[in-house]
Structures are given as C-alpha cells and as structure tokens.
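Reader: Hi! I'm in my first year and still learning to read protein models. Could you take me slowly through the nonpolar core of this one and what lies around it?

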Amino acid sequence: RGKVISDPVSNPDLAPTLLDFAGVKVSSSMARPQDGRSLLPLVAGIKSWPDRALLVEGRTETIRAEAGRFLVGSYQGVRTARYAFTEHYQAVVSTYLKGARIPLGQGGLIGRELYDLQSDPQELRNRATDPAYADVVQALAKSLAQLSNCAGAACQVEAEVPVPQTQ
C-alpha cells in the first residue's frame, strides 16, 4: 500500500536498495564503496533519517569572457529535510575543454544560498546572510565539506544543524 516518506533520499540509494530487496550480498573483495544506503529499513518503518545530509552539485554553462578566457560556473550544496544550502563558484580557464574538465567547486566562491524549507518551502527568501541563520550556515558548510569528496560509508552524513536564532 502507498506510504509517504519525507526523509531525504537520493539516486545513490537505488543500488543498495535493489541489492537488499533481492537479498544479494556482495563480497567485500568485489564490492565498490556504496555512497547510498538501502531504503528498505526506511520503507518498513524500522529507521528514519530526518537529519540526513545529501550532496547536490552541478555545473552551469561555460561562457567566453574575453579572448583566451572562459568563465566556468559550478555549485555544490547540501539538502536536508529542513534546509537547502548551496555554494556557487566561478573559475577562469584558458580553453573551453579545460572548463569542461575542471572539478566542481573550483574557483572563487561567488555566492551562497540558504533556504529554510520549513518556513519557506518555495525557496523565495535567501537566508545565507541572515545573522539569525549564521550557525545554520556554519553547520551546513561543515556537512558540505564532509560530503564533497566522500566515498562509501563516509557519505553517510547526519547534519547536526542548530535551530535559527530568531529575534
């Protein structure tokens, strides 16, 4: 029967979920580190991950700035059940190909976004510079640092995010 689960999940959870559902045990000598986790305990109501932090990342378009220079934008962020936090970067490279190959999150930090999905589910009010959310930004930036180059079990990050200091 249908069931709504509001805990954060992600595409890397699919492989461990399918393996768990099929009852397949992969030997450690053959297994690659799995960044996700099986969703079966979540569906069965055995576990809940409300503070789970998920990595969100991507690249924006590479544009020609001036002769011999291209601007490459990228972003990395963290999504929890309550917050969406993103850092935006811009790098300058000499060729379009170098722009396509530059790792995400490289270059200078050009902006941050923080949305409190509990009070602003439409993501209309950026709280990244709001002093009441300074501790939230710091905690999510720490989770982002943990997730940005993780593999396997190290990707199982529970965000310890304080409540905003509202006036």
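**A close look at the core**

Author: Happy to! The largest nonpolar core has 17 residues, and among these Leu 114 and Leu 140 touch the most other members. Two elements, β3 (83–93) and α4 (134–147), give two or more residues to this core. The biggest share comes from α4, with five residues. Please keep in mind that this is a predicted model.

Let's zoom in on Leu 140. Not counting residues up to four places away in sequence, Leu 140 touches Val 78, Thr 80, Tyr 83, Phe 85, Leu 114 and Val 161. Apart from this core lies another one, of five residues, including Phe 70, Val 72, Ala 91 and Val 93. As general background, nonpolar side chains in soluble globular proteins tend to be buried together.

Now for the sheet beside the helix. Five strands form an open sheet in the order β4-β3-β2-β1-β5, with antiparallel pairing. At its edges are β4 (108–116) and β5 (157–158), each of which pairs on one side only. Strand β1 (residues 52–66) is joined to β5 by two bridges, and these two strands run antiparallel. One place to find on your screen is Ala 53, whose bridge partner in β5 is Val 157.

With the sheet in mind, go back to α4. This helix lies across β1, β2 (69–79), β3, β4 and β5, and runs at about 60° to β3. A good residue to follow here is Ser 143, which is found in helix α4. With a relative accessible area of 3%, Ser 143 falls under the 20% cut-off, so Ser 143 counts as buried. Leaving aside neighbours within four places in sequence, Ser 143 is in contact with Ala 53, Val 78, Val 157 and Ala 159. Ala 53 and Val 157 are the bridge partners you have just met.

Finally, let's return to Phe 70, one of the residues of the other core. The structure holds one aromatic pair. Its members are Phe 70 and Tyr 96, with ring centres 6.1 Å apart and planes at 80°, so the pair is edge-to-face. Because Phe 70 lies in strand β2 and Tyr 96 in helix α3 (residues 96–101), the pair ties together parts that are 26 residues apart in sequence. Phe 70 itself is buried, with a relative accessible area of 10%.

Technical notes: Residues numbered from 1 in each chain as written. Predicted model: local features only at pLDDT ≥ 70, side-chain atom pairs only at ≥ 80, totals over all residues. Heavy atoms only, no water. Core = buried A, V, L, I, M, F, W, Y, C linked by side-chain atoms within 4.5 Å. Buried < 20%, exposed > 50% of the residue type's maximum accessible area, 1.4 Å probe, protein only. Helix = DSSP H or I, 4+ residues; strand = E, 2+ residues; numbered from the N terminus. Contact = heavy atoms within 4.5 Å. Pairing = 2+ DSSP bridges. Axes fitted to C-alpha atoms, helices over the stretch in contact; angles between N-to-C directions. Phe/Tyr/Trp six-rings, centres within 6.5 Å; stacked < 30°, edge-to-face > 60°.
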